[in-house]
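Student: I'm new to this one. Can we walk through it together?
Tutor: Sure, send me your questions.
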Amino acid sequence: MIERELVVANKLGLHARATAKLVQLLSKFRSQATLIAKGREVNAKSIMGVMLLAAGPGTPVRLRVEGEDEADAAEAVAELFARHFDEGS
């Protein structure tokens, strides 16, 4: 199991478009992925689950990935967060 501390750094937070990018990215991996924020824990491969976090800009988020390709999945998600979900912010 791999855990990473991330921060939502794009201007709009985990809104619908950013969430869709995250879920689409994770769908390529076999590992299970969980996001934890604001005392909630959700399946990171579920659009509705991630949207329920209501994670705005600056929100710290813990990513937990477990499975055969966990290292690749965790790195891909960290890169997506670092790129501000490709929103240019």
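Student: Where is His84 found?
Tutor: His84 sits in the segment after α3, the helix that spans 70-82. Keep in mind that this is a predicted model.
Student: What is the phi of His84?
Tutor: About 55°, so to speak on the positive side, although His84 is not a glycine.
Student: Is His84 buried, partly exposed or exposed?
Tutor: His84 has 23% relative accessibility. Buried means under 20% and exposed means over 50%, so His84 counts as partly exposed.
Student: And where is Asp86?
Tutor: Asp86 is also in the segment after α3. Its phi is positive too, near 60°, and Asp86 is a residue other than glycine.
Student: How accessible is Asp86?
Tutor: The relative accessible area of Asp86 is 45%, so Asp86 is partly exposed.
Student: New topic. How many residues are in the largest nonpolar core?
Tutor: That core has 27 residues. Leu14, Leu22, Leu35 and Val77 have the most contacts inside it.
Student: Which helices and strands each supply at least two residues of this core?
Tutor: Two helices do, α1 (16-26) and α3, along with two strands, β2 (32-37) and β4 (60-66).
Student: Which one gives the most?
Tutor: α3 does, with 7 residues.
Student: Back to Leu22. What is it in contact with, leaving aside neighbours within four places in sequence?
Tutor: Leu22 is in contact with Leu35, Ala44, Val50 and Val77. Leu80, Phe81 and Phe85 are also in contact with Leu22.

Terms used. Residues numbered from 1 in each chain as written. Predicted model: local features only at pLDDT ≥ 70, side-chain atom pairs only at ≥ 80, totals over all residues. Heavy atoms only, no water. Helix = DSSP H or I, 4+ residues; strand = E, 2+ residues; numbered from the N terminus. Buried < 20%, exposed > 50% of the residue type's maximum accessible area, 1.4 Å probe, protein only. Core = buried A, V, L, I, M, F, W, Y, C linked by side-chain atoms within 4.5 Å. Contact = heavy atoms within 4.5 Å.
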